[in-house]
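Q: Please take a close look at one part of this model, its open sheet. I should like to know how the strands are arranged, what packs on them, and how the rest of the chain is joined to that region.

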Amino acid sequence: MNLTIPDEYVDWRTKGFWQPGPAVPYAEFAAARHPLFGGPFTWPLMVLRRSALEHNIAELAAFCARHDLAFAPHGKTTMAPSLFQTQLDAGAWGITAATANQVLAYRTFGVPRILLANELLDPTALHWLGGEVGRGMEFLLYADSLEGVAALSAAAGPRPFRVLVEFGHPNGRTGCRTVEELTAVARAVAASPGTELAGVAGYEGGLPDVAAAGAYLGTLRDVTAELSKTGLLPREVVVTAGGSAYFDQVAERLSGDWLPGHELTVILRSGAYVTHDDGIYTERTPFTRLPGSLDAALEIWAQVTSVPEEGLAIVGMGKREAPYDAGLPVPLRVRRRDGTVLPADGLRVTDTNDHHAYVAVEGPSPRPGDLICFGISHPCTAFDKWQVIPVVDDDHTVTDLIRTYF
């Protein structure tokens with residue numbers, strides 16, 4: 001299936017592009033194969049390296065195939081239908097959403113299967129979803145309360161909502177905290193008109209380390225087995241978990257044939273893997289423990305605008321352009337005004353304002369007009385700052401444009 005992507009244009013509104021004249025369709029702009037340096041761009045600008053993107057998508061697809069996991073990558077990371085298409089083409093089962101608006105966007109794009117990894121009690125959204133499910137939409141969503149089940153039942157259309165009861169952990173996010181609570185919600189799903197029980201969901205990504213994540217996922221497996229003994233679970237059962245920090249534990253604890261009497265589909269939901277990063281996920285990726293690797297695919301190029309004192313450079317990039325919630329941008333390379341590229345040794349971002357970064361300098365200083373290439377930490381809060389992202393080859397020729405829809 002080819003997703004439907006609206007016609008879009010580069011024009012004066014497109015951040016990081018310099019297009020003061022007539023609007024240019026994306027396809028025409030990409031076909032021109034502009035150079036990043038010297039092309040119609042202005043700084044700062046976030047770009048996506050094609051080679052790293054393709055490597056990461058292939059790596060997770062292969063991991064899921066090895067461990068017999070279905071894969072529904074979390075689309076909230078990018079909200080980019082062209083990247084969804086690439087992930088689906090690589091074998092993804094569907095795409096995960098976090099909010100009702102994201103589901104609406106996915107449905108508009110034509111995503112074939114959608115997993116809403118969240119509770120939803122908004123009657124406006126639920127009535128629309130009930131109609132879409134009635135028209136054949138393949139859709140899963142969560143419940144962790146009797147109130148949630150009642151909201152789903154009240155909004156259901158001619159076909160029931162397929163519901164995953166969510167099991168959480170102390171001090172975590174959503175999800176029932178005990179087997180008894182989970183069983184009560186599951187019974188309500190099974191008994192209510194307009195809802196049917198599809199399986200169990202969990203999320204381990206907020207836990208502090210591998211041991212804690214593994215223990216929680218082991219408990220999730222045990223809880224699912226206990227729920228099976230009640231006779232509430234259908235023959236075909238979905239169990240889903242998985243962020244981008246502990247997907248090895250999902251494979252270790254949840255893959256395999258461990259639920260007798262049921263056909264089990266285990267769905268992994270990792271999202272940030274698609275571009276990885278130079279910060280939090282470099283430290284936390286399971287590929288620090290497993291064979292294989294992920295490559296940081298996002299770069300932000302920004303210009304040195306001032307060197308007002310020794311040991312300090314000011315760069316035209318700030319909170320509006322780069323994530324800062326899980327670590328500040330990481331200087332990688334310096335491109336001098338003559339085109340010479342050097343490692344960014346001795347450079348460190350210490351703070352950011354809306355549109356400025358403070359770069360501490362130990363050693364030779366970059367000069368005003370030089371460009372610095374930054375890696376980022378946490379791709380989920382990088383993509384939402386850019387509506388259009390150039391895709392570049394390793395020689396920094398622009399070959400495509402990614403449009404995000406946040």
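The answer below begins with the sheet and then turns to the domains and to two local backbone features.

A: The model is a predicted one, and the description should be read in that light. The sheet is open and consists of eight strands, paired in the parallel sense, in the order β4-β11-β10-β9-β8-β7-β6-β5. Its edges are formed by β4, residues 70–71, and β5, residues 95–97; each has a single partner strand, so one side of each lacks a neighbour in the sheet.

The pairings can be followed inward from the β4 edge. Strand β4 runs parallel to β11 and is joined to it by two bridges. In this pairing, Ala 70 has Ile 267 of β11 as its bridge partner. Strand β11 is in turn joined to β10 by six bridges, again with the two strands running parallel. Here Ala 241 is matched with Leu 268 of β11. The next pairing is that of β10, residues 236–241, with β9, residues 195–201, a parallel pair with three bridges. Within it, Val 200 stands opposite Val 239 in β10.

Two helices may be placed against this framework. Helix α5, residues 123–134, packs on the sheet and touches β7 (138–143) and β8 (161–166). The direction of α5 makes about 120° with that of β8. Helix α9, residues 247–254, lies across β10 and β11, the latter spanning residues 263–268. Relative to β11, helix α9 runs at about 170°.

The setting of the sheet is best understood from the division of the chain. Domain 1 comprises residues 9–48 together with 294–403, whereas domain 2 comprises residues 51–280. The C-alpha centres of domain 1 and domain 2 are 35 Å apart. At their interface, 19 residues of domain 1 are in contact with 23 residues of domain 2. In general, the size of an interface is often expressed as the accessible area lost when the parts come together. For domain 1 and domain 2 the area buried between them is about 1800 Å², and 65% of it is on carbon and sulfur atoms. The interface between domain 1 and domain 2 has zero salt bridges, while six residue pairs, both residues at pLDDT 80 or more, are in polar contact. On the domain 1 side that touches domain 2, the elements giving two or more residues are β14 (330–335) and β20 (398–403).

Strand β14 merits further attention, as its pairings are described on two partners. With β18, residues 371–375, it runs antiparallel and is joined by five bridges. Pro 331 has Phe 374 in β18 as its bridge partner. With β15, residues 341–343, strand β14 is likewise antiparallel, over three bridges. Val 334 is partnered there with Leu 342 of β15. The hairpin of β14 and β15 has five residues between the strands, and in this hairpin Gly 339 adopts a positive phi near 95°.

Two further backbone features lie in loops. Asp 68 is located in the loop between α2 (50–66) and β4, and the latter is an edge strand of the open sheet. Although Asp 68 is not a glycine, its phi is positive, at about 55°. The second feature is a cis peptide bond from Trp 43 to Pro 44, with omega near 5°. Pro 44 belongs to the loop between α1 (26–31) and β3 (45–49).

Definitions and conventions:
Residues numbered from 1 in each chain as written. Predicted model: local features only at pLDDT ≥ 70, side-chain atom pairs only at ≥ 80, totals over all residues. Heavy atoms only, no water. Pairing = 2+ DSSP bridges. Helix = DSSP H or I, 4+ residues; strand = E, 2+ residues; numbered from the N terminus. Contact = heavy atoms within 4.5 Å. Axes fitted to C-alpha atoms, helices over the stretch in contact; angles between N-to-C directions. Domains from an automatic or database assignment. Buried area = accessible area lost by both parts, 1.4 Å probe. Salt bridge = Lys/Arg side-chain N within 4 Å of Asp/Glu carboxyl O. Polar contact = N/O pair within 3.5 Å; in protein donor to acceptor, adjacent residues only side chain to side chain.
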